Amino acid sequence: MNKYQVIYADPPWDYNDKSANRGGAARHYSTTDLEELKAMDVSSIAADNAVLAMWATWPQLDEARELMDAWGFKYNTVLFVWVKRSKNCWTNLVRELAKELCAQVADMSFTDLTKALLTPKGWRELVTAKRLRELMEARWYIGMGHTTRSNSEFVLVGYRGKKLPRLDKGVQQIIDAPVGDHSVKPDEAIKRIERLWGDVPRLEMFARRESEGWDLFGNQAPNSITIPTAGKEAA
């Protein structure tokens with residue numbers, strides 16, 4: 001079996017709450033309790049020097065750290081924070097801006113309109129920074145939550161052995177991207193991981209679709225590998 005230097009995981013967390021009947025995770029896919037996740041012998045398929053990038057949500061922060069330890073990785077930091085935009089947010093933003101601009105320029109002469117569109121000052125007069133900020137904030141995704149309405153998730157990173165060389169020092173932490181289907185993560189995360197650590201043996205856990213250059217694990221993944229249970233050999 002391959003020994004992977006980069007493991008990217010999106011565990012199907014079991015939240016054990018009543019929200020399953022109102023759009024929670026269990027309504028959309030099979031979840032797995034923490035003890036069953038911990039029993040997966042991920043350390044047996046990890047290289048001596050390896051990195052684990054694992055998605056988590058704020059209610060599962062303690063469980064995520066516990067799972068990372070069980071899989072043989074030492075927590076280091078938060079790799080990415082995904083701040084979620086609503087679906088079609090950019091299309092809707094452009095449409096709203098166009099509507100407001102049309103209303104403002106309806107009575108302008110061609111000369112004044114050209115001047116406004118060709119200078120930064122003119123744009124600021126047509127659309128103020130305050131109004132643009134209001135329109136941008138209106139495009140945030142509004143999720144569930146027992147306290148505040150959640151609209152972010154994050155990726156924790158942990159290491160086994162020595163850290164892998166960082167190939168790109170320009171990779172940023174914030175991912176500003178719209179939501180897709182339930183629990184599907186933005187492709188930008190994988191792209192940034194590839195920029196960080198390059199073309200090494202890589203595994204995506206709990207994958208749903210193929211990613212070029214990655215081996216896959218998961219009951220929805222094509223050609224899934226097998227991960228043994230702790231104390232048992234792989235089939």
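**Note on a predicted model: aromatic pairs and a salt-bridge network**

1. The charged end of Lys 84 is placed over the ring of Trp 82, 5.0 Å from the ring centre. This is a predicted model, and the distances and angles in this note are computed from it. Lys 84 counts as buried, at 9% relative accessibility, and Trp 82 is buried as well, with a relative accessible area of 2%.

2. A second contact of this kind involves Lys 185, whose charged end sits over the ring of Trp 55 at 5.5 Å from its centre. Trp 55 has a relative accessible area of 0% and is therefore buried. Lys 185 is likewise buried.

3. The aromatic pairs come next. A pair of aromatic rings is described by the distance of the centres and the angle of the planes. The structure holds four aromatic pairs. One of them joins Trp 55 to Trp 82 in an edge-to-face arrangement, with 6.0 Å centre to centre and 75° between the planes. Trp 55 belongs to strand E2 (residues 46-56) and Trp 82 to strand E3 (residues 74-85), so this pair ties together parts that are 27 residues apart in sequence.

4. Another of the aromatic pairs consists of Phe 206 and Phe 217, again edge-to-face, at 5.7 Å centre to centre and with 80° between the planes. This pair links distant parts of the chain: Phe 206 is in the loop between strand E6 (202-205) and strand E7 (215-217), while Phe 217 is in strand E7, eleven residues apart. Phe 206 has a relative accessible area of 18%, and because buried means under 20%, Phe 206 is classed as buried. Phe 217 is buried too, with a relative accessible area of 17%.

5. Which residues are linked in a network of salt bridges? The network comprises Asp 10, Lys 84, Glu 153 and Lys 185. In the whole structure, a search finds ten salt bridges. Two members of the network, Lys 84 and Lys 185, are the residues whose charged ends sit over the rings of Trp 82 and Trp 55, respectively.

6. Within this network, the side chains of Glu 153 and Lys 84 meet in a salt bridge of 2.7 Å, N to O. Glu 153 lies in strand E4 (residues 152-160) and Lys 84 in strand E3, so the salt bridge ties together parts that are 69 residues apart in sequence. Glu 153 counts as buried at 11% relative accessibility.

7. Glu 153 also forms a salt bridge with Lys 185, where the closest N and O atoms are 3.7 Å apart. Lys 185 lies in the loop between strand E5 (174-178) and helix H7 (188-197), and Glu 153 lies in strand E4, so the parts tied together are 32 residues apart in sequence. Both Lys 185 and Glu 153 are buried.

8. A salt bridge within a helix is found between the side chains of Glu 35 and Lys 38, at 3.4 Å, N to O. Both residues lie in helix H1 (residues 34-38), three residues apart, about one turn of the helix. Is Glu 35 buried or exposed? At 53% relative accessibility, Glu 35 counts as exposed, whereas Lys 38 counts as partly exposed, at 22%.

9. Two backbone values merit attention. Phe 206 has a positive phi of about 65° although it is not a glycine; its place is in the loop between E6 and E7. Phi of Asn 223 is also positive, near 55°, in a residue other than glycine. Asn 223 lies in the segment after E7 and counts as exposed, at 70% relative accessibility, whereas Phe 206 is buried.

10. The overall figures for the protein chain complete the note. The chain has seven helices and seven strands, in the sequence pattern β-α-β-α-β-α-α-α-α-β-β-α-β-β. Of the 235 residues, 40% are buried. Among contacts between residues at least 6 apart in sequence, 74% join residues at least 24 apart. The accessible surface comes to about 14000 Å², of which 49% belongs to carbon and sulfur atoms.

How values were computed:
Residues numbered from 1 in each chain as written. Heavy atoms only, no water. Phe/Tyr/Trp six-rings, centres within 6.5 Å; stacked < 30°, edge-to-face > 60°. Helix = DSSP H or I, 4+ residues; strand = E, 2+ residues; numbered from the N terminus. Buried < 20%, exposed > 50% of the residue type's maximum accessible area, 1.4 Å probe, protein only. Lys NZ or Arg CZ within 6 Å of the ring centre and 35° of its normal. Contact = heavy atoms within 4.5 Å. Areas by Shrake-Rupley, 256 points an atom, 1.4 Å probe, with all protein chains shown as cover. Salt bridge = Lys/Arg side-chain N within 4 Å of Asp/Glu carboxyl O.
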